[in-house]
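Q: Please take one part of this model and look at it closely, following its backbone arrangement first and its side chains afterwards. I would like one connected account, with the cut-offs behind each term given as it comes up.

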Amino acid sequence: EWTLFNGKIPVLQESSSEVPDSVRMKEATKYGEAPRTSLLMELQDRIGVLSDVLKYFWKYDVNVCRIESRPLHVGRLSKRRFDFFVDFEGSPSDANVTKLLDALHSMTDKLLILD
């Protein structure tokens, strides 16, 4: 059965008996409820680099809240680089976030926790 979320977005309502718990999506948290962490990642410019990084957020079940990118201004002969600012739910003391940070450390030229 279709309903409207906030009176605007169509959402398909499901019967709890029809969908197993393993398939059901997690209930979204409200803004400000979950602890958030901000990262700065410096990555070399290449096709698919952001996709490669985001796979680890999925793998370790970490919800990304915001992504912002900015090109770095380097010398003419240097490879282009980008800074990615990423906000996500969780804190560095969480086990899954610790695993995520370990994985990202090997993929990035620079990784800083901003919070």
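A: The account below starts with the sheet, moves to what packs on it, and ends with the charged and aromatic pairs.

The model is predicted, so that local features are described only at pLDDT of at least 70 and side-chain atom pairs only at pLDDT 80 or more, while totals for chains, interfaces and linings use all residues. Residues are numbered from 1 along each chain as its sequence is written, and side-chain values rest on heavy atoms, with hydrogens and water left out.

Two helices and six strands make up the secondary structure of the chain (DSSP runs numbered from the N terminus, a helix being H or I with at least four residues and a strand E with at least two). Along the sequence they appear in the pattern β-β-β-α-β-β-α-β.

Four of the strands form an open sheet in the order E4-E5-E3-E6, with antiparallel pairing (two strands pair if DSSP finds at least two bridges between them). Strand E4 (64-71) and strand E6 (110-113) are the edge strands, each pairing on one side only. Direction ignored, neighbouring strands of this sheet are turned by 15° against each other on average (axes are lines fitted to C-alpha atoms, for helices over the stretch in contact, and angles run from 0 to 180 degrees between N-to-C directions). E3 and E6 run antiparallel and are joined by four bridges, and Glu42 stands opposite Lys110 in E6. Helix H1 packs on the sheet, where it touches E3, E4 and E5, and its direction makes about 145° with that of E3 (contact means heavy atoms within 4.5 Å).

The nonpolar side chains come next. The largest nonpolar core has 18 residues, and those with the most contacts inside it are Leu39, Met41, Phe57, Val62 and Leu104 (such a core is a set of buried Ala, Val, Leu, Ile, Met, Phe, Trp, Tyr and Cys residues joined through side-chain atoms within 4.5 Å). Strand E3 (36-44), H1, E5 and helix H2 (95-107) each supply at least two residues of this core, and the largest share, five residues, comes from H2. Leu39 has a long list of contacts when residues up to four places away in sequence are not counted, including Phe57, Phe84, Phe88, Leu101, Leu104 and Ile113. For the chain as a whole, residues 24 or more positions apart account for 64% of the contacts with a separation of 6 or more, and buried residues make up 26% of the 115 residues (buried means under 20% relative accessible area, exposed over 50%, partly exposed in between, with a 1.4 Å probe and protein chains only).

Charged side chains also connect the strands. The structure holds 10 salt bridges (a side-chain nitrogen of Lys or Arg within 4 Å of a carboxyl oxygen of Asp or Glu). One of them joins Arg81 to Glu42, with the closest N and O atoms 3.8 Å apart; because Arg81 lies in strand E5 and Glu42 in strand E3, the pair ties together parts that are 39 residues apart in sequence. Arg81 is partly exposed at 23% relative accessible area, whereas Glu42, at 12%, counts as buried. Arg81 also forms a salt bridge with Asp109, the closest N and O atoms being 2.1 Å apart, and this pair links Asp109 in the loop between H2 and E6 with Arg81 in strand E5, 28 residues apart. Asp109 itself is partly exposed, with a relative accessible area of 43%. Through shared partners, salt bridges join Glu42, Arg81, Asp109 and Lys110 into one network.

The aromatic rings complete the picture. The structure holds three aromatic pairs (rings of Phe, Tyr and Trp, the last by its six-membered ring, pair if their centres lie within 6.5 Å, with planes under 30 degrees apart stacked, over 60 edge-to-face and the rest tilted). The rings of Tyr56 and Tyr60 have centres 6.5 Å apart and planes at 20°, so this pair is stacked; Tyr56 is partly exposed at 27% relative accessible area, while Tyr60, at 19%, counts as buried. The rings of Phe57 and Phe88, with centres 5.8 Å apart and planes at 65°, are edge-to-face. Since Phe57 lies in helix H1 (residues 49-59) and Phe88 in strand E5 (residues 81-89), the pair ties together parts that are 31 residues apart in sequence. Phe57 counts as buried at 2% relative accessibility, and Phe88 counts as buried at 0%.
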